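Trainee: Could you walk me through one part of this protein in some detail? I would love to hear about the surroundings of the ligands and what lies beside them.

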Amino acid sequence: MISSAGFLETPLYLNLTACPQCENSFVVEKLKERIEKARAKASLDVLAKIVLVEKKGDLVFEDISYDRRRFFQALKTMTSAQVAAFLDENTAQTNTPYSAKKLPLKRELLNKLIKRMPSGNGVIGILENYAFTIKAGSSCTNCFACVGMCPTGALKIKKDTEGIGLLFNSSLCTGCALCRDFCRMEAVTVAKGFRGTDYFEYEICNPCSSQSHEQASRGAGAVIEEMVCRGRRE
Ligand code: SF4
Ligand code: SF4
(Lines give C-alpha, C1' and ligand atoms only; values in the text may rest on other atoms or scores of the structure.)
(Ligands and ions follow the chains in the order given, each with its own letter.)
Protein backbone atom coordinates (compact mmCIF):
# COMPACT_ATOMS: atom_id res chain seq x y z
CA MET A 1 0.00 0.00 0.00
CA ILE A 2 2.79 2.41 0.97
CA SER A 3 4.77 1.92 -2.23
CA SER A 4 1.62 2.14 -4.34
CA ALA A 5 0.90 5.53 -2.79
CA GLY A 6 3.90 6.83 -4.72
CA PHE A 7 1.74 6.54 -7.86
CA LEU A 8 -1.12 8.65 -6.54
CA GLU A 9 -1.62 12.09 -8.03
CA THR A 10 -3.29 13.51 -4.94
CA PRO A 11 -2.37 12.74 -1.31
CA LEU A 12 -4.07 9.93 0.54
CA TYR A 13 -5.48 11.09 3.90
CA LEU A 14 -5.71 8.44 6.60
CA ASN A 15 -8.00 9.32 9.49
CA LEU A 16 -6.29 7.88 12.56
CA THR A 17 -8.09 10.05 15.11
CA ALA A 18 -9.94 7.13 16.67
CA CYS A 19 -6.88 4.86 16.80
CA PRO A 20 -5.74 5.71 20.39
CA GLN A 21 -8.99 4.19 21.72
CA CYS A 22 -8.46 0.94 19.84
CA GLU A 23 -6.63 -2.10 21.18
CA ASN A 24 -4.75 -2.28 17.85
CA SER A 25 -3.40 1.27 18.19
CA PHE A 26 0.19 -0.08 18.02
CA VAL A 27 -0.39 -0.35 14.26
CA VAL A 28 -0.02 3.44 13.92
CA GLU A 29 3.63 3.36 15.01
CA LYS A 30 4.25 0.37 12.71
CA LEU A 31 2.69 2.29 9.82
CA LYS A 32 4.95 5.27 10.47
CA GLU A 33 7.98 2.97 10.58
CA ARG A 34 7.00 1.36 7.27
CA ILE A 35 6.54 4.73 5.58
CA GLU A 36 9.91 5.91 6.83
CA LYS A 37 11.50 2.64 5.68
CA ALA A 38 10.01 2.96 2.17
CA ARG A 39 11.24 6.53 1.95
CA ALA A 40 14.76 5.66 3.14
CA LYS A 41 15.06 2.56 0.95
CA ALA A 42 13.89 3.90 -2.34
CA SER A 43 13.59 7.65 -1.85
CA LEU A 44 9.99 7.32 -3.01
CA ASP A 45 8.00 10.45 -2.31
CA VAL A 46 5.57 8.56 -0.12
CA LEU A 47 5.69 10.93 2.81
CA ALA A 48 4.07 13.63 0.74
CA LYS A 49 1.50 11.20 -0.66
CA ILE A 50 0.27 9.71 2.63
CA VAL A 51 -1.06 12.17 5.20
CA LEU A 52 -1.66 10.68 8.63
CA VAL A 53 -4.33 12.67 10.45
CA GLU A 54 -4.10 12.00 14.19
CA LYS A 55 -6.00 15.01 15.63
CA LYS A 56 -9.67 15.66 14.97
CA GLY A 57 -8.95 19.37 14.35
CA ASP A 58 -6.69 18.43 11.42
CA LEU A 59 -9.49 16.66 9.53
CA VAL A 60 -10.01 18.67 6.36
CA PHE A 61 -12.10 16.23 4.36
CA GLU A 62 -15.62 14.95 4.38
CA ASP A 63 -16.09 12.50 7.25
CA ILE A 64 -17.19 9.36 5.38
CA SER A 65 -16.85 6.13 7.28
CA TYR A 66 -15.28 3.15 5.49
CA ASP A 67 -14.86 -0.27 6.99
CA ARG A 68 -11.47 -1.90 6.48
CA ARG A 69 -12.54 -4.00 3.49
CA ARG A 70 -14.07 -1.05 1.65
CA PHE A 71 -11.08 1.13 2.45
CA PHE A 72 -8.58 -1.30 0.89
CA GLN A 73 -10.92 -1.89 -2.06
CA ALA A 74 -11.08 1.87 -2.69
CA LEU A 75 -7.32 2.17 -2.36
CA LYS A 76 -6.76 -0.75 -4.72
CA THR A 77 -9.11 0.75 -7.32
CA MET A 78 -7.39 4.13 -7.12
CA THR A 79 -3.84 2.80 -7.31
CA SER A 80 -4.69 0.23 -10.02
CA ALA A 81 -6.00 3.03 -12.22
CA GLN A 82 -2.79 4.98 -11.70
CA VAL A 83 -0.60 1.97 -12.36
CA ALA A 84 -2.56 1.01 -15.50
CA ALA A 85 -2.18 4.55 -16.85
CA PHE A 86 1.51 4.44 -16.02
CA LEU A 87 1.96 1.11 -17.82
CA ASP A 88 0.12 2.29 -20.91
CA GLU A 89 2.15 5.44 -21.04
CA ASN A 90 5.41 3.50 -20.94
CA THR A 91 4.61 0.41 -23.01
CA ALA A 92 7.29 1.25 -25.55
CA GLN A 93 9.97 0.99 -22.86
CA THR A 94 9.10 -2.54 -21.73
CA ASN A 95 12.14 -4.75 -21.19
CA THR A 96 10.56 -7.99 -22.43
CA PRO A 97 12.19 -11.34 -21.74
CA TYR A 98 12.87 -13.57 -24.75
CA SER A 99 10.91 -16.64 -25.84
CA ALA A 100 8.09 -17.84 -23.56
CA LYS A 101 9.80 -16.54 -20.42
CA LYS A 102 7.64 -14.19 -18.41
CA LEU A 103 8.48 -11.33 -16.09
CA PRO A 104 6.08 -10.84 -13.14
CA LEU A 105 4.02 -7.66 -13.43
CA LYS A 106 5.44 -6.24 -10.19
CA ARG A 107 8.99 -6.53 -11.53
CA GLU A 108 8.02 -5.00 -14.85
CA LEU A 109 6.42 -2.11 -13.01
CA LEU A 110 9.53 -1.59 -10.91
CA ASN A 111 11.66 -1.52 -14.08
CA LYS A 112 9.39 1.11 -15.59
CA LEU A 113 9.66 3.16 -12.42
CA ILE A 114 13.47 2.93 -12.53
CA LYS A 115 13.49 4.03 -16.18
CA ARG A 116 11.35 7.01 -15.31
CA MET A 117 13.33 8.11 -12.27
CA PRO A 118 16.26 10.51 -12.63
CA SER A 119 19.56 8.79 -11.90
CA GLY A 120 20.76 9.36 -8.35
CA ASN A 121 20.22 8.09 -4.84
CA GLY A 122 16.65 6.94 -5.51
CA VAL A 123 17.69 4.56 -8.28
CA ILE A 124 20.76 3.45 -6.32
CA GLY A 125 18.55 2.66 -3.32
CA ILE A 126 16.14 0.59 -5.40
CA LEU A 127 18.93 -1.34 -7.12
CA GLU A 128 20.61 -1.98 -3.78
CA ASN A 129 17.47 -3.31 -2.12
CA TYR A 130 15.34 -4.83 -4.87
CA ALA A 131 17.78 -6.04 -7.57
CA PHE A 132 19.89 -9.19 -7.60
CA THR A 133 23.22 -10.24 -9.09
CA ILE A 134 23.86 -13.78 -10.27
CA LYS A 135 27.42 -15.04 -10.62
CA ALA A 136 28.55 -18.44 -11.82
CA GLY A 137 31.88 -19.54 -10.33
CA SER A 138 34.82 -21.35 -11.90
CA SER A 139 33.13 -24.76 -11.51
CA CYS A 140 30.52 -23.73 -14.11
CA THR A 141 30.65 -26.08 -17.11
CA ASN A 142 28.33 -24.06 -19.36
CA CYS A 143 25.75 -26.82 -19.35
CA PHE A 144 23.01 -24.14 -19.39
CA ALA A 145 20.59 -26.07 -17.22
CA CYS A 146 20.12 -22.82 -15.26
CA VAL A 147 19.08 -21.01 -18.47
CA GLY A 148 16.33 -23.54 -18.98
CA MET A 149 15.21 -23.33 -15.36
CA CYS A 150 15.11 -19.54 -15.08
CA PRO A 151 11.43 -18.60 -15.39
CA THR A 152 11.98 -14.98 -16.37
CA GLY A 153 14.67 -15.10 -19.06
CA ALA A 154 17.26 -13.39 -16.86
CA LEU A 155 19.84 -15.96 -17.95
CA LYS A 156 20.75 -16.45 -21.59
CA ILE A 157 23.36 -18.30 -23.64
CA LYS A 158 26.15 -16.25 -25.19
CA LYS A 159 27.26 -17.85 -28.42
CA ASP A 160 29.63 -16.09 -30.80
CA THR A 161 32.97 -16.49 -32.54
CA GLU A 162 34.81 -16.18 -29.20
CA GLY A 163 33.01 -19.19 -27.79
CA ILE A 164 30.12 -19.76 -25.49
CA GLY A 165 29.13 -18.44 -22.08
CA LEU A 166 26.41 -17.40 -19.69
CA LEU A 167 24.73 -13.99 -19.77
CA PHE A 168 22.69 -12.41 -16.99
CA ASN A 169 20.26 -9.48 -17.02
CA SER A 170 19.52 -8.11 -13.56
CA SER A 171 16.37 -6.26 -14.64
CA LEU A 172 14.74 -9.63 -15.42
CA CYS A 173 15.79 -11.39 -12.22
CA THR A 174 13.41 -11.86 -9.30
CA GLY A 175 15.99 -13.54 -7.05
CA CYS A 176 14.00 -16.79 -6.90
CA ALA A 177 17.29 -18.77 -6.75
CA LEU A 178 16.01 -21.62 -8.94
CA CYS A 179 19.21 -21.34 -10.99
CA ARG A 180 21.32 -21.79 -7.85
CA ASP A 181 19.27 -24.70 -6.56
CA PHE A 182 19.29 -26.47 -9.90
CA CYS A 183 23.00 -26.12 -10.70
CA ARG A 184 24.58 -29.51 -10.13
CA MET A 185 28.04 -27.90 -9.95
CA GLU A 186 26.91 -25.59 -7.13
CA ALA A 187 28.47 -22.82 -9.18
CA VAL A 188 25.76 -20.17 -8.78
CA THR A 189 25.60 -17.42 -6.17
CA VAL A 190 22.59 -15.14 -5.84
CA ALA A 191 23.43 -11.83 -4.17
CA LYS A 192 21.13 -9.00 -3.23
CA GLY A 193 21.88 -5.72 -5.00
CA PHE A 194 22.97 -4.91 -8.54
CA ARG A 195 26.74 -5.33 -9.08
CA GLY A 196 27.06 -5.00 -12.86
CA THR A 197 27.54 -2.15 -15.31
CA ASP A 198 24.13 -1.75 -16.96
CA TYR A 199 21.06 -2.94 -15.05
CA PHE A 200 18.97 -3.32 -18.23
CA GLU A 201 21.52 -5.19 -20.36
CA TYR A 202 22.73 -8.80 -20.49
CA GLU A 203 26.27 -9.09 -19.13
CA ILE A 204 28.67 -12.01 -18.82
CA CYS A 205 28.22 -13.74 -15.47
CA ASN A 206 30.58 -16.71 -15.61
CA PRO A 207 34.33 -16.88 -16.02
CA CYS A 208 34.18 -19.62 -18.69
CA SER A 209 32.79 -17.33 -21.33
CA SER A 210 35.48 -18.29 -23.82
CA GLN A 211 34.83 -22.02 -23.45
CA SER A 212 34.66 -23.79 -26.79
CA HIS A 213 31.40 -25.20 -28.14
CA GLU A 214 32.72 -28.78 -27.68
CA GLN A 215 33.63 -28.20 -24.01
CA ALA A 216 30.20 -26.70 -23.42
CA SER A 217 28.35 -29.56 -25.05
CA ARG A 218 30.33 -31.99 -22.85
CA GLY A 219 28.94 -30.06 -19.86
CA ALA A 220 25.38 -30.34 -21.12
CA GLY A 221 25.90 -34.02 -21.90
CA ALA A 222 27.04 -34.67 -18.34
CA VAL A 223 23.91 -33.03 -16.94
CA ILE A 224 21.60 -35.06 -19.16
CA GLU A 225 23.52 -38.23 -18.27
CA GLU A 226 23.16 -37.53 -14.55
CA MET A 227 19.44 -36.76 -14.92
CA VAL A 228 18.89 -40.04 -16.76
CA CYS A 229 20.86 -41.98 -14.09
CA ARG A 230 18.94 -40.22 -11.31
CA GLY A 231 15.69 -41.13 -13.02
CA ARG A 232 16.76 -44.79 -13.23
CA ARG A 233 17.76 -44.84 -9.53
CA GLU A 234 14.39 -43.32 -8.45
S1 SF4 B 1 27.18 -25.34 -14.43
FE2 SF4 B 1 25.57 -24.35 -13.22
S3 SF4 B 1 25.90 -22.15 -13.54
FE4 SF4 B 1 27.06 -23.21 -15.13
S5 SF4 B 1 25.64 -23.25 -16.88
FE6 SF4 B 1 25.36 -25.22 -15.76
S7 SF4 B 1 23.66 -24.82 -14.33
FE8 SF4 B 1 24.39 -22.82 -15.06
S1 SF4 C 1 17.40 -16.10 -9.36
FE2 SF4 C 1 18.13 -17.28 -11.13
S3 SF4 C 1 16.34 -18.48 -11.84
FE4 SF4 C 1 15.57 -16.85 -10.49
S5 SF4 C 1 15.04 -15.15 -11.88
FE6 SF4 C 1 17.16 -14.77 -11.17
S7 SF4 C 1 18.45 -15.73 -12.73
FE8 SF4 C 1 16.38 -16.55 -13.03
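**Around the ligands and into the core**

Mentor: Happy to! The shell around ligand 1 is made up of eight nonpolar and two polar residues, with no charged ones. Keep in mind that this is a predicted model. The residues surrounding ligand 1 are Ala 136, Cys 140, Thr 141, Asn 142, Cys 143, Phe 144, Cys 146, Cys 183, Met 185 and Val 188.

Now turn to ligand 2, which has 13 residues around it. The closest of these are Cys 150, Cys 173, Cys 176, Ala 177 and Cys 179. By class, that shell holds ten nonpolar and three polar residues, and again no charged ones.

From here we can step into the protein interior. Leu 166 makes a handy link: setting aside neighbours within four places in sequence, its contacts include Ala 136, Asn 142, Phe 144 and Cys 146, and those four also belong to the surroundings of ligand 1. Leu 166 also touches Leu 155. Both leucines, together with Ile 134 and Phe 168, have the most contacts inside the largest nonpolar core, a set of 21 residues. Strand 3 (132-136), helix 7 (145-149) and strand 5 (163-168) each contribute at least two residues to this core. A separate second core has eleven residues, among them Met 117, Ile 126, Ala 131 and Tyr 199. In soluble globular proteins, nonpolar side chains tend to be buried together.

Note on methods. Residues numbered from 1 in each chain as written. Chains lettered and ligands numbered in written order. Predicted model: local features only at pLDDT ≥ 70, side-chain atom pairs only at ≥ 80, totals over all residues. Heavy atoms only, no water. Near = heavy atom within 4 Å. Nonpolar A, V, L, I, M, F, W, Y, C, P; charged D, E, K, R; others polar. Core = buried A, V, L, I, M, F, W, Y, C linked by side-chain atoms within 4.5 Å. Buried < 20%, exposed > 50% of the residue type's maximum accessible area, 1.4 Å probe, protein only. Helix = DSSP H or I, 4+ residues; strand = E, 2+ residues; numbered from the N terminus. Contact = heavy atoms within 4.5 Å.
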